[in-house]
Amino acid sequence: MIATFLSFAVLATGPTIEPLPDDPGISIGDERTRRPDSREPGPNPIATPEPVYKPDPFFCRPQAPFPQETCIPYPEDEEPPRAQPVVTPGQIEREVRRLRLPSLRLTVQPPNATLVNLPTIFHTTPRRFDRTVTVLGSTVNLRAEAISYTWHHGDQTQQVTTDPGSAYPNETVTHRYLKRGEVTPSVDVTYQITYQI
């Protein structure tokens with residue numbers, strides 16, 4: 001019986017080593033494939049580089065939702081991104097006061113004079129208020145909606161409604177004066193402000 005052993009290896013970074021004639025049956029890769037006195041170089045091991053951890057710069061920002069503990073520093077010639085200023089309700093209120101909400105005109109029926117102990121009709125017409133302003137570099141859409149009316153009758157009485165009133169014959173806001181005299185009625189409007197940034 002004749003047995004033949006043939007083994008070989010091809011490495012990407014080293015030479016091919018064949019088994020020595022006096023060591024039959026030893027495969028390549030075993031440290032005994034080279035004699036201690038041999039000056040022939042052995043195979044170079046293929047080194048697998050270890051992965052280098054590089055954090056994602058997106059998560060290194062001050063406003064990142066999940067900041068990483070180790071972040072790549074920004075280059076000296078590049079400034080880190082600055083957080084966008086946050087628009088607050090107080091800043092919106094100041095902007096609305098600067099723009100001034102619309103005042104409403106009071107209408108009284110009958111005009112100029114009325115009768116004691118008979119209903120006097122009050123009504124007004126709400127005005128639309130939509131504006132677009134810039135606050136801290138952000139575009140803000142404002143909307144004001146009249147939600148209540150305080151009617152001052154001029155005789156030290158008043159009433160509050162959510163209705164702007166209507167003209168005769170569909171009147172909804174009325175008042176009876178109990179004595180003669182001169183009065184100066186007025187209406188105050190309460191607005192609700194909504195905004196979108």
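Is Y149 buried or exposed? Y149 comes out as buried, at 2% relative accessibility. Keep in mind that we're looking at a predicted model here.

**The aromatic cluster**

Y149 has company: together with F122 and W151 it makes up one aromatic cluster. Two aromatic pairs turn up in the structure. One of them joins F122 and W151, with a centre-to-centre distance of 6.4 Å and 50° between the planes, which makes the pair tilted. F122 sits in strand β2 and W151 in strand β4 (residues 138-152), so this contact ties together parts that are 29 residues apart in sequence. The rings of Y149 and W151 pair as well, with centres 6.0 Å apart and planes at 25°, so this one counts as stacked. The cut-off behind that label is that planes under 30 degrees apart count as stacked.

And how much of the cluster is left open to solvent-sized probes? Here's how accessibility looks for its members, with two loop residues we'll get to further down.

| Residue | Relative accessible area | Class |
|---|---|---|
| W151 | 0% | buried |
| F122 | 1% | buried |
| Y149 | 2% | buried |
| L136 | 40% | partly exposed |
| N117 | 43% | partly exposed |

**The sheet around β2**

F122 also leads us to the sheet. Three strands build an open sheet in the order β1-β2-β6, and the pairing is antiparallel. β1 (107-109) and β6 (174-176) are the edge strands; each has a single partner, so one side of each goes without a neighbour in the sheet. On average, neighbouring strands here are turned by 30° against each other, direction ignored.

Let's walk across it. β1 pairs with β2 (residues 119-123) in the antiparallel sense through three bridges, and V108 stands opposite F122 of β2. On the other side, β2 and β6 run antiparallel and are joined by three bridges. There, P119 has R176 in β6 as its bridge partner.

Why call β2 largely enclosed by the rest of the structure? Four of its five residues are buried, so that description follows directly. F122, at 1% relative accessible area, is buried too.

**Odd spots in the backbone**

If you're checking torsions, a few places are worth a look. The peptide bond from Q109 to P110 is cis, with omega near 0°, and P110 belongs to the loop between β1 and β2. Another cis peptide bond links Y168 and P169, this time with omega about 10°. P169 is in the loop between β5 (158-161) and β6.

Then there are the positive phi values in residues other than glycine. N117 has phi near 70° and is placed in the loop between β1 and β2. With 43% relative accessibility, N117 is partly exposed. For L136, phi is near 55°, again positive in a residue other than glycine. L136 is found in the loop between β3 (129-135) and β4, and its relative accessible area of 40% makes it partly exposed.

**The largest pocket**

Finally, which residues lie nearest the centre of the largest pocket? They are N112, A113, T114, G181 and V183, out of 17 that line it. The volume of this pocket is about 350 Å³. As for chemical character, the lining splits into 10 nonpolar, four polar and three charged residues.

Notes: Residues numbered from 1 in each chain as written. Predicted model: local features only at pLDDT ≥ 70, side-chain atom pairs only at ≥ 80, totals over all residues. Heavy atoms only, no water. Pairing = 2+ DSSP bridges. Helix = DSSP H or I, 4+ residues; strand = E, 2+ residues; numbered from the N terminus. Axes fitted to C-alpha atoms, helices over the stretch in contact; angles between N-to-C directions. 1 Å grid on protein atoms, 1.4 Å probe; cavity = no way out; pocket = protein on both sides within 12 Å on 5 of 7 lines; lining within 4 Å. Points joined across faces, edges and corners; volume = space filled by probe spheres on them. Nonpolar A, V, L, I, M, F, W, Y, C, P; charged D, E, K, R; others polar. Phe/Tyr/Trp six-rings, centres within 6.5 Å; stacked < 30°, edge-to-face > 60°. Buried < 20%, exposed > 50% of the residue type's maximum accessible area, 1.4 Å probe, protein only.
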